[in-house]
Structure formats: C-alpha cells, structure tokens
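User: Could you take me on a close look at the sheet in this model, strand by strand where it pays off? I would also like to hear about what lies around it.

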Amino acid sequence: MTVPGSSDLEHHIGEAPLIDQHVHGCWLKTGDRGRFENALNEANTEPLTYPGFDSQLGFAVRAHCAPILGLPKHADPQAYWERRSQVTEDELARRFLPAAGVRDWLVDTGVGGDVADVEKLSALSGNRAHEIVRLEQVAEQAAQAPGDYASAFEEILQRRVATAVGTKSILAYRGGFDGDLSEPSPAEVAEAAGRWRDCGGVRLQDRVLLRFGLHQALRVGKPLQFHVGFGDRDCDLQKANPLYLVDFLRQAGDIPIVLLHCYPYEREAGYLAQAFNNVYLDGGLSVNHLGARSPAFIARTLEMAPFRRILYSSDGFGPAELHFLGAALWRKGIHRVLSAFVSDGDWSEVDAVRVVDLIAHENAARIYRV
C-alpha cells in the first residue's frame with residue numbers, strides 16, 4: 001500500500017496490520033445494481049430514487065476500489081458496475097478482504113441476510129475472525145425457548161460468549177439511550193418477558209428486557225459495544241447521543257464499553273473516553289460514508305479521546321468493497337492528519353508511529369484479548 005519514496009510514517013501506516021473491531025459479513029450471492037447502490041446509503045431503507053454512486057461513499061468506491069478490479073481510479077459508475085458484475089461475490093471477497101490488511105475480524109453476527117458468517121469471512125480473507133454476540137438476538141432466542149426467560153437468556157448468552165470476544169447492543173435502534181438503564185428486578189423481567197412472548201417475541205423493544213440484557217452482558221466481563229450516532233431511519237439520532245449513557249457508564253465498573261461509529265457525536269464520545277477509564281470509541285461506518293471528508297472526522301476523534309481508547313473498524317457489511325474501503329480511507333486519512341502534526345512540529349514521527357499502532361491493533365488486542 002506504500003509507494004517508493006514515501007516517508008517512514010506513510011510506509012508504517014500502509015503496512016500496519018489492523019484489527020477490524022466491528023464488522024459484519026460480506027455478501028455471498030450475486031445481486032442486481034439496485035442492491036449494490038442501496039448498500040452505498042446507510043440511512044435510507046427504501047429503494048433509492050437517485051444513483052447511490054452520487055455520494056461521498058460512491059466516489060470513494062470508484063477512487064479506491066476500481067484499481068482492485070483492474071479499472072483506472074475514478075472509473076465511471078457504469079464501467080465499475082459492468083466489471084463488478086463479471087465477478088462472483090466470493091471472488092470479490094477474495095480480492096478485497098486480503099487487500100484491507102486486516103489481521104483479525106471481530107464480527108457482529110446479529111445481522112440477518114445472506115452474508116458470510118465468522119468461519120466464511122475467515123476463509124475468504126485468509127485471516128482470523130471472531131464473533132461479537134448481539135444481545136437483542138440472544139433475547140429473541142430466549143423468547144422462543146421454553147421455561148423461564150431470564151434463565152434461558154443467561155444460558156444462551158453464556159454458551160455463545162464462551163467462544164466470542166465481546167457483546168453488542170443496538171439499544172440506539174430500540175428506543176435510544178435516554179431514560180433509566182439500571183438493572184430491573186426479576187419480577188419486572190418476568191412480567192415484561194410474558195408480555196413480549198404473548199406478542200410473538202420478535203424485534204425486542206421492551207425497555208425492561210433491553211436493560212436486563214445490558215446488565216447480563218456486564219456480568220460476562222467482555223467488552224460491550226454500543227451502536228452510537230447515525231444509522232438507518234429506524235434510529236432516533238437525537239437519542240443516540242452517547243452522553244445519555246453517563247449513568248450506565250457509572251454502573252459498568254471496569255468492563256470496556258466501546259462506542260461505535262459515533263458521527264455526529266465523535267466529540268461527545270471523545271469526552272466520555274477521557275472521563276471514564278473503561279470507555280473506547282471507533283469511527284467505523286463514518287469513515288466510509290464521509291469519503292474524502294473522512295480525514296476531518298479522524299482528526300476530531302483525536303481531539304479529546306486518549307489515544308489508548310481509540311480503535312479501528314470498518315463496519316463493512318454487504319459489498320466486500322466496504323471491508324476494504326474502511327481500511328484504505330483510514331490509512332489515507334490518519335496519514336494526512338498525523339503527517340500535518342509532524343510537519344508542523346507538534347508531534348514527533350516516533351510518536352505518530354506509536355499512535356498508529358495503538359489505534360490499528362494494539363488497543364483492540366488488549367481489550368478483546370486477540
């Protein structure tokens with residue numbers, strides 16, 4: 001990923017192994033152009049009425065992914081789609097995933113659809129992959145299990161986390177962070193579970209059961225991830241501000257709490273990472289969607305948060321391009337930011353290299369033990 005004559009910092013950034021600490025599976029079956037262009041938009045869950053390529057992410061795909069397919073940078077959308085459609089999704093993954101330079105993938109398996117699971121992602125990339133267990137999926141499994149809901153939830157969670165490296169909640173999509181997040185009583189859980197089961201036990205939105213799941217995750221003792229900030233239209237963006245989590249963070253002890261994505265709350269997330277010894281953040285998803293503007297976002301994540309609390313991720317899902325693009329844009333963006341710090345005399349190059357390694361893989365390796 002480096003070029004002849006590049007600086008030591010640029011060379012190091014290009015070669016640094018990554019731990020992608022929040023990612024999903026890539027597609028396994030071929031789809032049409034509409035599916036692909038819709039995947040270039042995070043917020044709109046309806047078929048797009050404009051070309052998905054006409055976005056920062058769409059331009060970034062043409063700039064950085066086209067050469068992997070043997071096309072010139074900035075190939076026009078039609079040429080890109082024609083070349084892409086000549087290759088199977090498996091072959092696309094075998095090209096894009098290794099090119100990302102990711103050593104370990106930490107895979108949220110809670111998203112449905114025909115995408116690669118942990119084992120398949122490992123095989124396609126040639127690197128290790130580990131599971132992140134989504135709490136809301138565990139809740140749905142417990143709702144369908146016989147007997148006491150709380151006991152079923154605990155049993156399923158313990159079984160799944162035995163081989164996983166962490167847990168995740170999509171509370172931001174199921175009511176937001178504002179409001180009580182204390183642990184409910186057993187009686188409250190039993191009553192809420194009965195109501196939910198009577199309604200079918202799908203798409204958990206009951207606040208009592210959501211709270212119950214969070215506190216069960218804390219007992220597991222592994223990092224707990226939260227979706228933070230922008231996502232699709234089901235997410236109430238105002239209630240996805242991580243500052244609402246302050247009371248919960250006070251209850252979390254020393255369990256690592258990882259704030260994902262963060263845009264447009266990266267500064268609030270950075271403050272929390274400074275204020276709490278167990279809070280971490282990443283910029284996955286945001287970096288991809290900001291494209292050419294991602295260096296400014298990366299710079300903002302470096303403003304307040306201690307450097308030992310910042311993690312790399314892509315949040316790639318669907319097109320294998322997104323798993324690669326997260327890495328390519330992060331490498332380019334952090335080089336632009338840190339090289340400016342060094343050239344201005346504010347940082348030494350030695351310190352810049354050290355910070356790159358912390359974010360690229362050392363921080364994630366420490367908290368997830370991979």
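**A close look at the sheet and its surroundings**

Analyst: Happy to. Please keep in mind that this is a predicted model. Let me begin with the pocket and then move to the sheet.

The largest pocket has a lining of 39 residues, and those nearest its centre are Glu42, Val111, Tyr173, Asp232 and Phe317. Two elements each give two or more residues to that lining: helix H2 (33-38) and helix H13 (286-290). The space inside the largest pocket comes to about 780 Å³. By character, the lining splits into 16 polar, 12 nonpolar and 11 charged residues.

Now for the sheet. It is an open one of 8 strands, paired in parallel, and the strand order is E1-E2-E3-E4-E5-E6-E7-E8. At its edges are strand E1 (18-23) and strand E8 (310-311), each of which pairs on one side only.

Strand E5 (residues 224-228) is a good place to zoom in. On one side, E5 pairs with strand E4 (residues 164-169) through 3 bridges, in the parallel sense. Here you can find lysine 168 opposite glutamine 225 of E5, and serine 169 opposite phenylalanine 226 of E5. E5 also pairs with E6, again in the parallel sense, over 5 bridges. In that pairing, phenylalanine 226 stands opposite leucine 259 in E6. So what about burial? For E5, 5 of its 5 residues are buried. One face carries Leu224, Phe226 and Val228, the other Gln225 and His227, and both faces are covered.

Moving along, strand E6 (residues 257-261) is joined to E7 by 3 bridges, and the two run parallel. Valine 258 has tyrosine 280 in E7 as its bridge partner. Strand E7 (residues 279-282) is covered on both faces: Val279 and Leu281 are buried on one side, and Tyr280 and Asp282 are buried on the other.

Finally, a helix that is worth a look on your screen: H16, residues 349-368. Its 20 residues, at 1.5 Å a residue, should span 28 Å, and because the end C-alpha atoms are 28 Å apart, the expected and computed values agree. H16 also has a kink of about 55°, centred on leucine 358. After H16 comes arginine 369, with a positive phi near 60°.

Definitions and conventions
Residues numbered from 1 in each chain as written. Predicted model: local features only at pLDDT ≥ 70, side-chain atom pairs only at ≥ 80, totals over all residues. Heavy atoms only, no water. Helix = DSSP H or I, 4+ residues; strand = E, 2+ residues; numbered from the N terminus. Expected span 1.5 Å × (residues − 1). Bend = angle between axes of the 7 residues up to and from the residue. 1 Å grid on protein atoms, 1.4 Å probe; cavity = no way out; pocket = protein on both sides within 12 Å on 5 of 7 lines; lining within 4 Å. Points joined across faces, edges and corners; volume = space filled by probe spheres on them. Nonpolar A, V, L, I, M, F, W, Y, C, P; charged D, E, K, R; others polar. Buried < 20%, exposed > 50% of the residue type's maximum accessible area, 1.4 Å probe, protein only. Pairing = 2+ DSSP bridges.
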